[in-house]
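Here are some notes to read alongside the structure, written for someone opening it for the first time. Take the points in any order you like.

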Amino acid sequence: MGRGPVAALRGAMASILELEGLTKAFGAVTVADGLSYAVSEGEALGVLGPNGAGKTSMFNLVTGTLRPDAGTIRFRGQDITRVSAAQRGRSGIARSFQVPQPFTHMTVFENAMVAATQSAGLRGHAAEELCLEVLEQTELLAQANAPAGSLTLLSRKRLELTRALCARPQLLLLDEIAGGLTEAECQALIATIGDIRSRGISIIWIEHVVHALLSVVERLIVIDFGKMIADGEPHAIMESPQVQEIYLGIEADA
Amino acid sequence: MSQPVTITRGTSAARMAGVAALIIVLALVAAPYWAGRADMRLLGEIYLYLALATLWNLLAGYAGLVSVGQQAFVGFGGYMLFALTIFGGLHPLLAIAGAGVLGALISVPVAGLIFRLRGAYFAIGTWVMAEVFRLSFAQVSALGGGSGTSLPTDIVRSMADGRSAREALSYWLALGAALAVMAAVYFLLRSRRGLALTAIRDNELAASSLGIDIWRTKFCVYVVTSGLTAVIGALLFLQKLRISPDAAFSVNDWTAFVIFIVVIGGIGTLEGPIIGTIVFFLLRETLADLGTVYLMILGLVAIVIMLRAPKGIWGFLAERYGLELFPLSYRVRHSKTDKKRPGG
């Protein structure tokens, strides 16, 4: 189910992110095995795959936390394969971490301010206004003065999303932010992400909560053993035998 | 956006602390008119230790650079004071500034070497560098080699007329240096770069993904800290008027005690070094007659505090009572509650 030349051409025309033959191995474990795909401007791409398939590693490669053994990464047409993680953070790529990484001794508001000042490059009131706006959207405003280390896991996940949004990204990488939410919370999250999309921000979303993913994304890729094994329209992908096989247990609630 | 929300920095406790600090500083500035000679010497030493502790706290507590070799820059600064006045003919005040500049410059190649090391290896690397400094200066026979040298009397006299005027000047320099270092660190931490540095303190992975250049930030902190440490070193040996490699590059005097101060006071907070310095000098002045038992008590205090309050005395108090003396943090206030109690 690889992408044909026509699809590749379409990707090259208006793609925000392009991966080409991205490969990374830790000894005998290959976490990325010739990954190639492109994300168009404003597109919402979902990523599925079993645990340990290399989904988070793929994010680490895109954000620069990991360096690939081979392959190239292009962001808005520019080769960023050798660009530092910090520079990628300033140039419009933001992520949420699967295991939340808060600045524990800083308050929730200060966590947001780090993103607004360092990543988005805002100053003074503009930064503060953005943080308040995002905190209200992610429903963390009431806890703005709490040290991030005192938050519950759910709030820490919200903080991940808050920080990523305060970075004012053009490409937002979300790593399993719906896990453990109640149905109502999940609906609120879906609405928030839908809103982010409507502002033209491109999204790549790794998620095991399949129904949340399917209600937002317009395209789905499936990764297993670092390889892309499926790419296309979400419902068609979900019904393909390969995916059915992998997701026999998990797919039930989709 | 029209939200009933305002953002302020600092708390009412911070404002009160600011007023109290101003009164204390004014009283200390006037010390040459009310304090005895011995008291002024002690106060001068306290200020310089406070400055060293504040600098080490910035380095280790914020930038995560746990150096046990800052005595390299204390000693280097001290020796530069002697070299620049004796051979360069500079006025001692100019030599102090020169020591700072040279200290920052020499820290650049040092950083180039030791920044390749991580964690415990970095710490050991800094110590090795300090030993290299000590052994190098012991080779300079013009500065007395291994036995050291004294500051010539005509240079000492050039500072001010009369002994009491010199001592007052030396006192004010120490006070001024401590205040300048604290102000510099405070304004750094309050700035945009300070937010980045505090983020690095808490989580490097998240900091770098949010656009913070970790290597460059740490490098800048190391160079600036080293330069300022050299200034403090110059002031320390201006008080002593005598320098030798063993005294200048003493790991005990300029690093072990400084780490003790920062760790028991509260690492990674601006208040910690102040509390730690007060506790350290209280212990030293009351127990110094006991000889080695004094050092054992210091060790015991350090162990008890690390077990009972790992974040130090200030970290413990701040967490328990939500205290903050330096208005660094942001407070988001909902205006309903704001009207009733502006201090919140």
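1. Let's start with a small one: in which helix is L213(A) found? Look in chain A, at helix α8, which covers residues 210-214. Keep in mind throughout that this is a predicted model. Is L213(A) buried or exposed? L213(A) is buried, because its relative accessible area is 0%, and the cut-off for buried is under 20%. If you want a sense of distance, try A115(A): that residue is 98 residues away from L213(A) along the chain, and the two C-alpha atoms are 25 Å apart.

2. Next, the sheet in chain A. Four strands make up an open sheet here, and reading across you get β2-β1-β4-β5, with antiparallel pairing. The edges are β2 (29-40) and β5 (78-79), each of which has a pairing partner on one side only. As a general reminder, strands in a sheet pair through backbone hydrogen bonds, and the pairing can be parallel or antiparallel.

3. Inside that sheet, follow β1, residues 15-26 of chain A. Five bridges connect β1(A) with β4(A), again in the antiparallel sense. One pair to click on is L19(A), which sits opposite I73(A) of β4(A).

4. On to the pairing of β4 with β5. Strand β4(A), residues 70-75, is joined to β5(A) by two bridges, and the two strands run antiparallel. You can find both ends of the pairing by eye: F75(A) faces Q78(A) in β5(A), while R74(A) has D79(A) of β5(A) as its bridge partner. The hairpin these strands form has two residues between the strands, and R76(A) there adopts a positive phi near 50°.

5. There is another hairpin in chain A to look at. Strands β9 (residues 219-224) and β10 (residues 227-232) run antiparallel and are joined by five bridges. Within this pairing, I221(A) stands across from D231(A) of β10(A). Two residues lie between β9(A) and β10(A), and in that turn F225(A) has a positive phi of about 50°.

6. Now for charges. How many salt bridges are there over all chains? The count is 19. One of them links R74(A) with E18(A), whose closest N and O atoms are 3.6 Å apart. Since R74(A) is in β4 and E18(A) is in β1 of chain A, this pair ties together parts that are 56 residues apart in sequence. E18(A) counts as buried, at a relative accessible area of 15%. The linking doesn't stop there: E18(A), E20(A) and R74(A) are joined into one network by salt bridges that share partners.

7. Chain B has a good example too. E45(B) and R284(B) form a salt bridge in which the closest N and O atoms are 3.0 Å apart. What does this pair tie together? E45(B) is in helix α3 (residues 37-62) and R284(B) is in helix α14 (residues 271-287), so the bridge ties together parts of chain B that are 239 residues apart in sequence. R284(B) is buried, with a relative accessible area of 17%. R284(B) also forms a salt bridge with E285(B), where the closest N and O atoms are 3.3 Å apart. E285(B), for its part, is partly exposed, at 45% relative accessibility.

8. Turn to the surface and you'll meet a positive patch. Which residues form this patch? They are R90(A) and R123(A), together with R192(B), R193(B) and R216(B). Of these, R123(A) is worth locating: you'll find it in the loop between α4 (108-119) and α5 (124-137) of chain A. R123(A) counts as exposed because its relative accessibility is 58%, and exposed means over 50%.

9. Last stop: a nonpolar surface patch in chain B. V29(B), Y33(B) and W172(B) make this patch, which covers about 330 Å². Y33(B) has its place in helix α2, residues 31-34 of chain B. With a relative accessible area of 69%, Y33(B) is exposed.

Notes:
Residues are numbered from 1 along each chain as its sequence is written. Chains are lettered from A and ligands numbered from 1 in the order in which they are written. This is a predicted model: local features need pLDDT of at least 70, side-chain atom pairs count only at pLDDT 80 or more; totals for chains, interfaces and linings use all residues. Side-chain values use heavy atoms; hydrogens and water are left out. Patches are made of residues with over 30% relative accessible area and no salt bridge: like charges are joined within 9 Å, nonpolar side chains (Val, Leu, Ile, Met, Phe, Trp, Tyr) within 5 Å. Accessible areas come from the Shrake-Rupley method with a 1.4 Å probe; for residues, only the protein chains shown count as cover. A salt bridge is a side-chain nitrogen of Lys or Arg within 4 Å of a carboxyl oxygen of Asp or Glu. Lys and Arg count as positive and Asp and Glu as negative; His and the chain ends are not counted. The place of a charge is taken as NZ of Lys, CZ of Arg, CG of Asp or CD of Glu. Buried means under 20% relative accessible area, exposed over 50%, partly exposed in between (1.4 Å probe, protein chains only). Two strands pair if DSSP finds at least two bridges between them.
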